Amino acid sequence: MANDASAAFDTLSPAVFKGSLADPFTPPADSSLWRKNFLLGAATASYQIEGAVDEDGRLPSIWDTFSATPGKVLAGDTGAVACDHYHRWEADIDMLASLGLEGYRLSIAWPRVMDAAGRPNRKGLDFYKRLLNRLKEKGITSFVTLYHWDLPQHLEDRGGWLNRDTAYRFADYTDLMSRELAGTVDAWATLNEPWCSAYLGYGNGHHAPGLANDRFATQAMHHLLLAHGLAIPVLRGNDPASQKGIVANIGRGTANSDSAADQRAAHLFEVQHNAWILDPLLKGEYPQDLFELWPGTEPLVLDGDMQTIAAPLDFLGINYYFRTNVASDGAHGFRDVPLEGVERTQMGWEVYPDGLRDLLTGFKKTYRNLPPIYITENGMASDDKVIDGHVDDAQRISFLKRHLAAVDQAIKAGVDVRGYFLWSLMDNFEWAFGYERRFGVVHVDYSTQKRTVKRSAELVAKFLKERKARV
């Protein structure tokens, strides 16, 4: 199609941050964030932090293959070592607890826990059991994502998410994990950001496995959502006390002008980024406008698939980072029109907190069965450096405060938002951008693996301490 959604991931020159550090984080007295039952945590993902890709029976994933392919990842970086979390997990959990963070969202590496025949890999399972038990000991709520993009390579060799059988293999994987880890997980998320898996992985090739075909994207999405739907009853049967949900990344699209064509373009942007995932989950159907963007790309849907996909959810995870300003492409799509003079992050993404509020309140109007929401990722990349043992990440502090204020506004407008996870706990492998982009509230020196708590994390910890003292 004419529009290029990957442009949102291209780097623009970040605008200079000119914010103030006066009262840099503490929310106002009437903020919903002071509620003791509003969960505030941090998130990571297995391939981005664990390393140890060849240890204890772990199999290759599509990201091992993709990142080892020349030209696919910035600077030729891979996740082979990453943050070495596989060996340093105890200290990392202690660090998480020392900051007073109440929740931890992590993912399980599918290639680490099962062999190619579907048999359990005990060493891999034991790693996650030890980690989850330590979280329980520390009183930290665990949100576990079953699939954060690291598909076993042997399944990709059989077609990956283009092969319907992968959805059934995911159900088998879910069955194993929920039986083995029952009672240690507070909330399960089946998938992280199926939009990225489907579109960036199979639609434009920006992510693993690197295929580029619109028809592939829609079929991969259908099989991803089918996998989710098949997994939900498995989770309910094996671990009934836990919450069950899914995590979707959402994008705010705004029109470059008041013209009908540009307004339609902004609508189509949000159809592609939001309704493509949320309509099947919450309405049991795909948005027909999607196929206006991609004519002739309707996926093969078998009888009963949409009912399976629309299984009731206990929560919906929302990941939000930026907005995209668009105009009509003159045909049936949209094109990005980057705004000038706006604040941007190291990724080139515009800082636009209002987009999060607007999307949340819009979803409440659109979906009558909207489940409780957790903001499962929100954060920004900046070129952070350790100076005299400290990292003063002023832009991130302002970013977090403004986005948390947007969440508070959505709550006051009636949206049931129950928690917020910082992305990320620590700097890590940022997919196609390697190690250059730093999203963490903890700095990682990749040459020594030294962790340095940034000023943003110190202020979050200070707020949590104040909140605990109030209640």
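User: What does radius of gyration refer to here, and what is the globule rule?

Analyst: The radius is taken over C-alpha atoms, and the rule is 2.2 Å times the number of residues to the power 0.38. This is a predicted model, where local features need pLDDT of at least 70, side-chain atom pairs count only at pLDDT 80 or more, and totals for chains, interfaces and linings use all residues. Residues are numbered from 1 along each chain as its sequence is written, and side-chain values use heavy atoms, leaving out hydrogens and water.

User: How do you know whether the chain agrees with a compact globule?

Analyst: With 471 residues, a compact globule would have a radius of gyration near 23 Å; the chain has 21 Å, so the two agree.

User: What makes Glu270 and Arg252 a salt bridge?

Analyst: The term asks for a side-chain nitrogen of Lys or Arg within 4 Å of a carboxyl oxygen of Asp or Glu. For Glu270 and Arg252, the closest N and O atoms are 2.7 Å apart, so the pair fits.

User: And what makes Arg264 and Asp289 one?

Analyst: Their closest N and O atoms are 3.5 Å apart, so they pass by that rule too. Arg264 lies in helix H10 and Asp289 in the loop between H10 and helix H11 (290-293), so the pair ties together parts 25 residues apart in sequence.

User: Why is Arg264 called partly exposed?

Analyst: Buried means under 20% relative accessible area, exposed over 50%, and partly exposed in between (1.4 Å probe, protein chains only). Arg264 has 31% relative accessibility, so it counts as partly exposed. Asp289, with 24%, is partly exposed as well.

Conventions
Helices (H or I, at least four residues) and strands (E, at least two) are DSSP runs, numbered from the N terminus.
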